[in-house]
Amino acid sequence: MAVALRYAARSDVGLIRKNNQDSGYAGPHLLVVADGMGGAAGGDVASSVVVSHLAPLDDDAPTGDLLTRLKEAVYAAHDELVDRVAEDPSLAGLGTTVIALLRSGNRFAMIHIGDSRAYVVRDGQMFQVTTDHTFVQHLVDTGQLTPEQAEHHPQRSVLLRVLGDNSSDIVLDEWAHEARIGDRWLLCSDGLSGVVSAETIAHVLGGTPDVGECAESLVALALHGGGPDNVTCIVADVVDLDVLPDGAGPALEPQVVGAAAADRLRPTRGGAGAAGRAAALAAPAAPVTVEPAASVPGSPGAGVDADDGDRPGGRTRRVIAWLVGVVVVLGALTAAGALAYRWTQEQYYVGIDDGYVAIFRGIPQELGTTPLSSVHERTEIAVDDLPAFARQRLEDTITASSLEEAEAVVALLEEEVAPPPTPAPTPEPTATPAPAPTASIGAAPAPGAASGDGA
Ligand code: CA
C-alpha cells in the first residue's frame, strides 16, 4: 500500500524572546526542526542554513541511501556554518539542533543532534524516539540524576552536541524507521517539550485528528505555559496515499516556518512545485537579513523581529553556546571523575596496616597526594605470624571485587597463621588431613566464597 504524509508545521517566537531562531520544514518526504542559537542573527542563520541544505532532499522520490543523503546534507550545512563564522566573526558561537526525517515509500531515515525531539504515537501510545544531547540527560544516563530531577535542573538546556561553530566532530544519532500507516509523528523544539509535559503532549496528539489544529494546540499550550522560548512543532500523519485529496492540493505543499521562512522561502512561495522551492531554499545563501514583522504572540507562524543582538536572552544563548565546549570537557571530566571515584570506592583489597592484615576499601593507589583507599577493618592477624609467601602477597596487596571476597581472603590468611608452638597432646594418627587453602591465597576467590551458603 502506498503511503503518504499529511503534515502541518507551526512556529512561534514565544512570549519572551524577540526573534524566532527556530526553523521548521514539512514536505511530502521531509520533516525538519532546527533550533538555532547564538546572538544577533546567529541562531537564525544556523537553523535556516540547515533547512536550506536539507530541503532539496524533498524531491518527488528520494532515492539511494536515505541516511547517507541526510547526513551529507547535514555535514554540508555544518561546513557552511563554519565558513560563515570564519567570514563574519560576529556569528561566532552560533549553533543549531537538527531533527530530520526523510521518507521514501514506507521507509524513514532519521538524524538527530541536540535537544529537539521526535515522538511517535503508535497504537494509542506515545514514544519519545530521540534522546536529548544535553548535560542533564548525560547525568540521567549515568545514574547521577533521576529523570524527575532532570526536568527541573537549572542546566537542563545546556547542550553537549550541536551543529555549528565548534571544531569537534559532528556526531549524529541516526535510525531507520518504518513509515507505518496510522502513526503520528511529532517533531518539536524544546520550546514545546521543555514547557509542556509529555502527558499533555500525548493527550493533544491523541485527541486532535487534524494535523494543523494539533500543531496549533501544541504551540498554544507552550505559550500558555509562559512561552519562554521559540516553539516549533511539526505534526505528520502517515496515511494511505489514496485518502489524500486528488492532486495532493495544499496539504502537500511544503510548509516552511520560523527563521527559514523569514529568510529565503518567502519570495518563492506560491511559485513552482516542491522541487523548485527546495532549489530556491538551497540557493547560495546571502547573509541573512531578518525582516521586521509583526510578532503576534499566540498566532502560529508569527514573524520574526528585527535584529536584537543586545537582548539579554540572546546574550545568554550566545554565552551558553560558547560554553558548550567548556561544559563538554568539564562535564565529561567531572562525570568521568565522579564515576571513576565511585567505582574505586566499591573496590576492596587486603593489605597491611601497621603490621596487621587489614581490609581496605578503595584501590591501592593515590591521586596526587590523596590516597584512594582507607582501612575498612584491621584484623588481629599479625603479618609477622604469616608464612613468607603470604607476607609477600600482602605487600603486593590482594585485590577483591567485593567485601565478601576480601573477607574470604582474610579467612584464608587466618588459617595460614603458624600454630602456637605448644605440641598437640594426643596426636591422632588417623586424623583427617587439614584442608590446604594456601593455593587460593592471592587468586581471586570465587564470589560468595565466604558467604557460607554455598552448600
Ligand atoms: Ca529552543
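Along the chain, the donors of the calcium ion follow the spacing D-x154-D-x38-D. In this predicted model, the ion is held at distances of 2.2 to 3.1 Å by protein donors from Asp35 (OD), Asp35 (OD), Asp190 (OD) and Asp229 (OD). Distant parts of the chain are linked by the pair aspartate 35 and aspartate 229, which lie 194 residues apart. Aspartate 35 belongs to strand E3 (residues 30-37), whereas aspartate 229 is located in the loop between helix H7 (211-224) and strand E12 (231-240). Both aspartate 35 and aspartate 229 are buried.

Strand E12, which follows the loop carrying aspartate 229, is also part of an open sheet of five strands. The strand order in this sheet is E1-E12-E11-E7-E8, and the pairing is antiparallel. Strand E1 (3-12) and strand E8 (125-128) form the edges, each pairing on one side only. From one strand to the next, the twist averages 20°. The antiparallel pairing of E1 with E12 extends over 10 bridges, and arginine 6 stands opposite aspartate 237 in E12.

Two helices that lie across strands of this sheet were examined. Helix H6 (residues 198-207) lies across strand E7 (117-122), E8, strand E11 (184-188) and E12. The direction of H6 is at about 130° to E8. Helix H7, which precedes the loop containing aspartate 229, lies across E1, E11 and E12, and runs at about 30° to E1. Strands E11 and E12 are thus crossed by H6 and also by H7.

Methods:
Residues are numbered from 1 along each chain as its sequence is written. This is a predicted model: local features need pLDDT of at least 70, side-chain atom pairs count only at pLDDT 80 or more; totals for chains, interfaces and linings use all residues. Side-chain values use heavy atoms; hydrogens and water are left out. Donors are N, O and S atoms within 2.8 Å of the metal (3.2 Å for Na, K and Ca); water is not among the atoms, so sites may look incomplete. Helices (H or I, at least four residues) and strands (E, at least two) are DSSP runs, numbered from the N terminus. Buried means under 20% relative accessible area, exposed over 50%, partly exposed in between (1.4 Å probe, protein chains only). Two strands pair if DSSP finds at least two bridges between them. Axes are lines fitted to C-alpha atoms, for helices over the stretch in contact, and angles run from 0 to 180 degrees between N-to-C directions. Contact means heavy atoms within 4.5 Å.
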